[in-house]
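Could you walk me through this fold in the viewer, one selection at a time? I would like to know what to click on next and what I will find there.

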Amino acid sequence: MKPFEFQRVSDPNDAVAAVAGNPKAKFLAGGTNLVDHLKLGITTPELLVDISRLDLTEVEELENQGLRLGAMVRNSDAAAHPLIRRNYPVLSRALLSGASGQLRNAATTGGNLLQRTRCVYFQDLSTACNKREPGSGCSALDGYTRYHAILGASPHCIATHPSDMAVALTALNATVVVWGPEGERRIPISKLYRLPEDHPERDTVLEHGELITAVELPPPSGARSTYRKIRDRASYAFALVSVAALVDVDDSGSTPLIRDVAIALGGVAHKPWRAERAEAILRGSEPSLEAFRRAADAELQGAEPVAGNAFKVQMARGAITTVLAELTDLQEADHE
């Protein structure tokens, strides 16, 4: 680990000023991702600005009945909060799927959203990685790809985003509140993350020095929601495929109809993947396994797996179908 300067702040303005004024400065919160990168030599900042004492630790109900989650709220606290468990179960379940208890006790809301890929080549300095060193190449293209993207990848990067929380927040249409040198801006979480394209080194649209201060959730819709994560082991492991879904069924008529639906996928792309094609097919349709499979197939039609992860297409199809069946009280779908 290379030497660096350390500065502790207690005000967001001071934090932003310190990082914005030094192109080689970084924010440090819980450190569950950044400290690993410091040890591995993936990142070598000149200055670390400790934001762990910022007063951003509240979970507050908004006037519109939505929820504001401070950027320094620990993942364990968010998962256990009564309002989140009652009104946003998909978020609570995603957080509990995200890591070990020890890591959830340290990890923060803002840090969770900004964690970087766990691609083995990104974390290995002896290999080429365009995300770590732009222009060096992508070792994953001809390497170990079990955990890699099947949607939205590019010839420059096929890594996936690791956050479970971000997948749930994408399905919930959350808004990320950011404070930076130019003041506050609010970013729909669907617009926060970038696909790799020609610049896989840029995970988000945030500018250097911008600090996430909160995440805001819209009022609960009354839809049923859940999060399903498929991984290699039940303990601390990243998703092969995950599904966050909300379904609102209108059963006032003779035939129940899906009034609204939101689906986001994890483990399949460089960012949480909003399944907009599947949603469009399902809105206004009668809940059925056939409809769910048809919607999943439409969403996955553009999948481009590589050697080693083609199984993810069928896995995602089954996961989408099973989750939607669960939320609409249909017999659980098979995994054909």
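Happy to guide you; keep in mind that this is a predicted model. Start with D329, which is exposed, its relative accessible area being 58%. You will find D329 in the segment after α12 (311-327). Check its backbone too: phi of D329 is near 60°, a positive value in a residue other than glycine.

Step back along the chain and select α12 together with helix α11 (residues 289-300). The axes of α11 and α12 come within 9 Å and cross at roughly 140°. That angle falls short of the range over 145 degrees that would count as roughly antiparallel, and the two helices are therefore oblique to each other. Their crossing is right-handed. To see the contact itself, show side chains: L289, F292, R293, A296, D297 and L300 on the α11 side meet V313, A316, R317, I320, T321, L324 and A325 on the α12 side.

Now for the nonpolar cores. Where are the residues with the most contacts inside the largest one? Select L91, L113, L169 and L217, which hold that place in a core of 51 residues. Helix α8 (residues 164-171) gives the most to this core, contributing six residues. Apart from it lies another core, with 29 residues, including F292, L300, A316 and A325.

Stay with L113 for a moment and display what surrounds it. Setting aside residues up to four places away in sequence, L113 touches H161, M165, A166, L169, V176, I189, Y193, I212 and V215.

Next, select P162, in the loop between α7 (109-113) and α8. Is P162 buried or exposed? At 11% relative accessibility, P162 counts as buried. Beyond its neighbours within four places in sequence, P162 is in contact with Q115, R116, T117, R118 and F238. Draw a distance from P162 to F238: they are 76 residues apart along the chain, yet their C-alpha atoms are separated by 6.4 Å.

For another pair, pick D36 and D250. These two are 214 residues apart along the chain, and their C-alpha atoms are separated by 48 Å. D36 sits in helix α2 (residues 34-40) and is partly exposed, at 35% relative accessibility.

Then move to the sheet. Select its three strands and you will see an open sheet in the order β1-β3-β2, with parallel pairing. Which strands stand at the edges? They are β1 (5-8) and β2 (25-28), each with a single partner strand, so one side of each has no neighbour in the sheet. On average, neighbouring strands of this sheet are turned by 25° against each other, direction ignored.

Zoom in on β1 and strand β3 (residues 47-50), which pair in the parallel sense over four bridges. Here R8 stands opposite D50 in β3. Add helix α1 (residues 12-20), which packs on the sheet and touches β1, β2 and β3. The direction of α1 makes about 150° with that of β2.

One last stop is E197, in the loop between α9 (189-192) and β8 (211-217). Like D329, E197 deserves a look at its backbone: its phi is positive, about 45°, although E197 is not a glycine. E197 is partly exposed, with a relative accessible area of 49%.

Terms used: Residues are numbered from 1 along each chain as its sequence is written. This is a predicted model: local features need pLDDT of at least 70, side-chain atom pairs count only at pLDDT 80 or more; totals for chains, interfaces and linings use all residues. Side-chain values use heavy atoms; hydrogens and water are left out. A nonpolar core is a set of buried Ala, Val, Leu, Ile, Met, Phe, Trp, Tyr and Cys residues joined through side-chain atoms within 4.5 Å. Buried means under 20% relative accessible area, exposed over 50%, partly exposed in between (1.4 Å probe, protein chains only). Contact means heavy atoms within 4.5 Å. Two strands pair if DSSP finds at least two bridges between them. Axes are lines fitted to C-alpha atoms, for helices over the stretch in contact, and angles run from 0 to 180 degrees between N-to-C directions. Angles under 35 degrees count as roughly parallel, over 145 as roughly antiparallel, 65 to 115 as roughly perpendicular and the rest as oblique. A crossing is left-handed if the near helix is turned anticlockwise from the far one by less than a right angle, and right-handed if clockwise.
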